[in-house]
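This report goes through one protein model, from its overall make-up to single residues. The sequence and coordinates are shown first.

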Amino acid sequence: AVTEEEQANIIVKEYIQVMSAGIAEHMAVYNLTNKYDLSADTPVHNLEEPEHNFGIIQSQTDELSETGVALSAKKSYVAIAAMNAILAESQGVGGVHFYGEQEEIAVCDFKNHDGDDIIAIFGDKACPIILNCNADSLTIYDFYGNEKIISSTDGKFGISLDSNVTYVKGNIEDYQMELPFD
């Protein structure tokens, strides 16, 4: 079993890689809700069951809910919804590119229907990057869809990555990355 944050990262990173490479047009999540031990008089989470937290929705009834709320969204649900909103009407272009001496950072390229480029950037740990491109400003989205606009300094954008996916949208067709460990 994994934490909700790890589950969200696994699902979203896999979706992004498959979509950017054009491998599949449609994908589905394994389970909507968590798996319960239904053999007892009252259904319970069986933490020994490896699939007990595979769902993207927490619980089916108030009695089964760990939060006390029926059908509350887990982090993976929110991250998938953000990914879908950010990448809506986008096409993968070029698959996955890796950067760094040990290929620590993965970047997936997309072209949005409005002509903007979108890149999804992720790694296994937090680090700063410099994105060089021909734009005055870029829109940055975090893993959960929160948006901020950043401006360039001589065509360079400083971006702080964490272990979650960061999305960058704008005129970034011919970008270059500078990493602290290159």
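The text below covers the fold, the first helix, the main pocket, an aromatic pair and a few residues in helix and loops.

**Overall make-up**

The model is predicted, and local features are described only where pLDDT is at least 70. The protein chain holds two helices and eleven strands. Read from the N terminus, its elements follow the order α-β-β-α-β-β-β-β-β-β-β-β-β. Of the 182 residues in the protein chain, 42% are buried. Contacts in the protein chain between residues at least 6 apart in sequence were also sorted by separation, and 58% of them join residues at least 24 apart.

**Helix α1**

Helix α1 covers residues 4-21, which is 18 residues. At 1.5 Å a residue the helix should span 26 Å, and because its end C-alpha atoms are 26 Å apart, the model agrees with that expectation.

Which residues of α1 are buried? They are Gln7, Ala8, Asn9, Ile11, Val12, Lys13, Tyr15, Ile16, Val18 and Ser20. An α-helix has 3.6 residues a turn, so residues three or four places apart point the same way. The packing partners of the buried residues of α1 are helix α2 (75-86) and the strands β3 (90-99), β4 (105-112), β5 (117-123) and β10 (166-170). After α1 comes Gly22, with a positive phi near 70°.

**Lys75 in helix α2**

Lys75 is part of helix α2. Its relative accessibility is 38%, so Lys75 counts as partly exposed. Leaving aside residues up to four places away in sequence, Lys75 touches Glu4, Glu5, Ala8 and Tyr144. Of these contacts, Ala8 is also one of the buried residues of α1. Lys75 and Glu4 are 71 residues apart in sequence, yet their C-alpha atoms are 5.9 Å apart in space.

**The largest pocket**

The volume of the largest pocket is about 290 Å³. Its lining consists of 13 residues, and those nearest the centre are Met19, Glu25, Ser90, Gln91 and Gly92. Both α2 and β3 supply at least two residues of this lining. The largest share, three residues, comes from β3. By residue type, the lining of the largest pocket has six nonpolar, six polar and one charged.

**The aromatic pair**

How many aromatic pairs does a search of the whole structure find? The search finds one. The pair is formed by Phe143 and Tyr144, with 5.1 Å centre to centre and 70° between the planes, an edge-to-face arrangement. The cut-off for edge-to-face is over 60 degrees, so an angle of 70° falls in that class. Phe143 is buried because its relative accessibility is 2%, while Tyr144 has 27% and therefore counts as partly exposed. Tyr144 is also among the residues that Lys75 touches.

**Residues in loops**

Several residues outside the helices and strands are described next. The table gives the positive phi values of two residues other than glycine.

| Residue | Loop | Phi |
|---|---|---|
| Glu89 | between α2 and β3 | near 60° |
| Asp154 | between β8 (147-151) and β9 (156-161) | about 55° |

Glu89 counts as exposed because its relative accessibility is 60%. For Asp154 the value is 77%, so Asp154 counts as exposed too.

Asp136 sits in the loop between β6 (127-132) and β7 (137-141). With a relative accessible area of 70%, Asp136 is exposed, because exposed means over 50%. Beyond residues up to four places away in sequence, Asp136 touches Ile150, Ser151, Ser152 and Phe157. The C-alpha atoms of Asp136 and Gly155 lie 7.0 Å apart in space, with the two positions 19 residues apart in sequence numbering.

Gly100 belongs to the loop between β3 and β4. Is Gly100 buried, partly exposed or exposed? At 23% relative accessibility, Gly100 counts as partly exposed, because buried means under 20%. Gly100 and Leu179 are 79 residues apart along the chain, and their C-alpha atoms are separated by 6.7 Å.

Technical notes. Residues are numbered from 1 along each chain as its sequence is written. This is a predicted model: local features need pLDDT of at least 70, side-chain atom pairs count only at pLDDT 80 or more; totals for chains, interfaces and linings use all residues. Side-chain values use heavy atoms; hydrogens and water are left out. Helices (H or I, at least four residues) and strands (E, at least two) are DSSP runs, numbered from the N terminus. The expected span of a helix is 1.5 Å times one less than its number of residues. Buried means under 20% relative accessible area, exposed over 50%, partly exposed in between (1.4 Å probe, protein chains only). Contact means heavy atoms within 4.5 Å. On a 1 Å grid over the protein atoms alone, a cavity is a set of points where a 1.4 Å probe fits but cannot get out, and a pocket is an open set with protein on both sides within 12 Å along at least five of seven lines; lining residues have an atom within 4 Å of a point. Grid points are joined across faces, edges and corners, and a volume is the space filled by probe spheres set on the points. Ala, Val, Leu, Ile, Met, Phe, Trp, Tyr, Cys and Pro count as nonpolar, Asp, Glu, Lys and Arg as charged, and the others, Gly among them, as polar. Rings of Phe, Tyr and Trp (its six-membered ring) pair if their centres lie within 6.5 Å; planes under 30 degrees apart count as stacked, over 60 as edge-to-face and the rest as tilted.
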